[in-house]
Amino acid sequence: MVPQFSGAFSAAQFPTSYQQTAVAAAPTNATGRTVYLGNLPPDAPVDEILNQVRVGPIESVRILADKSCAFISFMDGAAAMNFYQDASTRKILIQGQELKVGWGKASPVPVNVQVAVSTQNATRNVYLGNLDETITESTLREDLSKYGPIDTVKIVREKNIGFVHFLTIASAMKAVQSLPTESKYANKKVNYGKDRCAQRPNIGNGTTQYAFPTGLNFQSFSNMGFASFDPYQNAVVAATSHLDNGSELRSPTSPLFSSASSAAGSATSGSAIGNRTIYLGNIHPDTSCEEICNVIRGGILQQIRYMPEKHIAFITFIDPNSANSFMYLAQQAGVMVKNRRLKIGWGKNPGPLPGYIQLAVNTQSASRNVYVGQIDDNMSEEKLKRDFSEFGEIELVNILKEKNCGFVNFTSITSAMKAIENIKSKEEYKKFRINYGKDRCGNPPRNASASSSNGTGGKTKGRNNGESDARVLHAGDSEAGNIDGVDDEVGEEVDE
């Protein structure tokens, strides 16, 4: 399963513009937002399991005690990827048992949850205010359990407030909707609090920060001249006395939320914010574009622009979250091609993804890889390259004879869209099955340190081998929109 990332984190603690963007992109979040945890002890408390999660808001948690496993579905594919990477590189122990980590089945965020997140800042955490002393944590658990399974309950007695974390946002939505109609809670404040899994404890300076995977060195970015980087960007809330359980009431109209969001926005205006383009330097002169793509993992590409005479390349991802993920992994582990460590930096910000590309990605699973199926023995890689080269620069062509199919990987998704739209105008291609294949750059990182060649001149083919890579994402022929005259150039400037 290949995680695909949406255009924005869809967390309830984000400013309205981020929430709206997230909801609009939610249909593309189906793959890679659910993480599987196996080898759970039979009596493992759910709160102990979720104590391990500090990377992003959770949409739902399913515990299958009879199968000793759990599935954690995040609101965002990037958060799922962050947790997967973190959990895969360190041991997660529950009652002395090491958990297994994998990917769960793909599923979209339910539409009603998307809407509630966008319009009400919904999370799985329900805030209750004006609690009297007769209401205890046991009382809250008993009264609210009818709405769904509960993760944790906590009362802050000195503030007369409480927090009930459900296992799903849907359960919290039911509670928020129904509690004000109950006489016992009619005079209580009821709203959504922050998901405890989307933050980490106060670090001592009055600022609650949101977590990225363990091992990310935020300071390394500022030392290199990059903006100090918080993956939740404008969602940082600068205020004192915020508790890890989400004691801050987050109303989108509250002065605290508005002022904090504004302050955070002005503090994170560096080149990393929203940027989708990565700069690669110090590239060996004999390196091919294919070899560069072989070490790019974590997100599908809009374009790769390679300038061998300058020993540099610019990699533009579809999603800025993918670019950020690749950046921090590259800074930690390095990227090696032909025994040469590449320089990594931010390229010129290309701005938002063009709408026609976003539409093609959302509706047709567009990528820069074109699948050609039902080919015969007369088809060769050379012929495919010759016939498709009129649509744009090609990075890799390969044929799987045993599956009667081939793949043409362009350097630009726009070129692939042109090919999909026009190749069947050629008579001999009318009998073939044409569609988008998977961009191998969207596969999860194979290991912490990537290497494409041993320096002896041998090339490691980044082929789409195997049944999973040979599959077509959408059956039948695709129709791409009119893309004539659209400039797909990426700036060559490297931001200082």
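Me: In this predicted model, which residues does Phe 410 touch, not counting residues up to four places away in sequence?
Reply: Phe 410 is one of the four residues that touch the most other members of the largest nonpolar core, alongside Val 370, Leu 384 and Phe 388. Two of those residues, Val 370 and Phe 388, also appear in the contact list of Phe 410 itself. Leaving out residues up to four places away in sequence, the full list runs Arg 368, Val 370, Phe 388, Phe 391, Gly 392, Glu 393, Ile 394, Glu 395, Ser 415, Ala 416 and Ala 419.

Me: Which element supplies the largest share of this core?
Reply: The core has 29 residues, and several elements each supply at least two of them, including helix H11 (355-364), strand E19 (369-373), helix H12 (381-388) and strand E22 (433-436). Helix H13 (413-422) is also among these contributors. With five residues, the largest share comes from H13.

Me: How many residues are in the second, separate core?
Reply: This second core is separate from the one that holds Phe 410, and it includes Val 117, Leu 144, Ile 155 and Tyr 192. Val 117 is listed among the buried residues of H4, while Tyr 192 lies on the covered face of strand E10. The number of residues in the second core is 27.

Me: In what order do the strands E7, E8, E9 and E10 stand in their open sheet?
Reply: The pairing in this open sheet of four strands is antiparallel, and the twist averages 15 degrees from one strand to the next. Strand E8 (150-156) and E10 each have a single partner strand, so one side of each is left without a neighbour in the sheet. With those two at the edges, the order is E8-E9-E7-E10.

Me: Which residue of E10 is the bridge partner of Leu 128?
Reply: Strand E7 (residues 125-129) and E10 run antiparallel and are joined by four bridges, one of which pairs Gly 129 with Lys 189. Lys 189 belongs to the uncovered face of E10 together with Asn 191, whereas Val 190 and Tyr 192 make up the covered face. The bridge partner of Leu 128 comes from that covered face, and it is Val 190.

Me: At about what angle does helix H6 run to E10?
Reply: Two helices can be described against this sheet, and helix H5 (residues 137-144) lies across E7, E8 and strand E9 (161-166), running at about 140 degrees to E8. Helix H6 (residues 169-178) lies across E7, E9 and E10. The angle between H6 and E10 is about 155 degrees.

Me: Is Ser 107 buried, partly exposed or exposed?
Reply: Ser 107 is found in the loop between strand E6 (100-103) and helix H4 (111-120), and its C-alpha atom is 8.8 Å from that of Ser 73, although the two are 34 residues apart in sequence. A residue counts as buried under 20% relative accessible area and as exposed over 50%. Because Ser 107 has a relative accessible area of 23%, the class is partly exposed.

Me: Which strands are the edges of the open sheet with the order E14-E15-E13-E18?
Reply: The four strands of this sheet pair in antiparallel fashion, with a twist that averages 20 degrees from one strand to the next. Strand E13 (residues 277-281) is joined to strand E15 (residues 312-317) by four bridges, and Ile 278 stands opposite Ile 315 in E15. The edge strands, each pairing on one side only, are E14 (301-307) and E18 (343-346).

Me: What is the relative accessible area of Met 327?
Reply: Met 327 is found in helix H10 (residues 320-333). Its C-alpha atom is separated by 7.5 Å from that of Ile 344, which is 17 residues away along the chain. Met 327 is buried, and its relative accessible area is 0%.

Me: How many disulfides does the model have?
Reply: A disulfide requires two cysteine sulfur atoms within 2.5 Å. For Cys 289, which counts as buried at 11% relative accessibility, the nearest cysteine sulfur is that of Cys 293, 4.5 Å away, and Cys 289 is in no disulfide. By this rule the count of disulfides is zero.

Conventions: Residues are numbered from 1 along each chain as its sequence is written. This is a predicted model: local features need pLDDT of at least 70, side-chain atom pairs count only at pLDDT 80 or more; totals for chains, interfaces and linings use all residues. Side-chain values use heavy atoms; hydrogens and water are left out. Buried means under 20% relative accessible area, exposed over 50%, partly exposed in between (1.4 Å probe, protein chains only). Two strands pair if DSSP finds at least two bridges between them. Axes are lines fitted to C-alpha atoms, for helices over the stretch in contact, and angles run from 0 to 180 degrees between N-to-C directions. A nonpolar core is a set of buried Ala, Val, Leu, Ile, Met, Phe, Trp, Tyr and Cys residues joined through side-chain atoms within 4.5 Å. Contact means heavy atoms within 4.5 Å.
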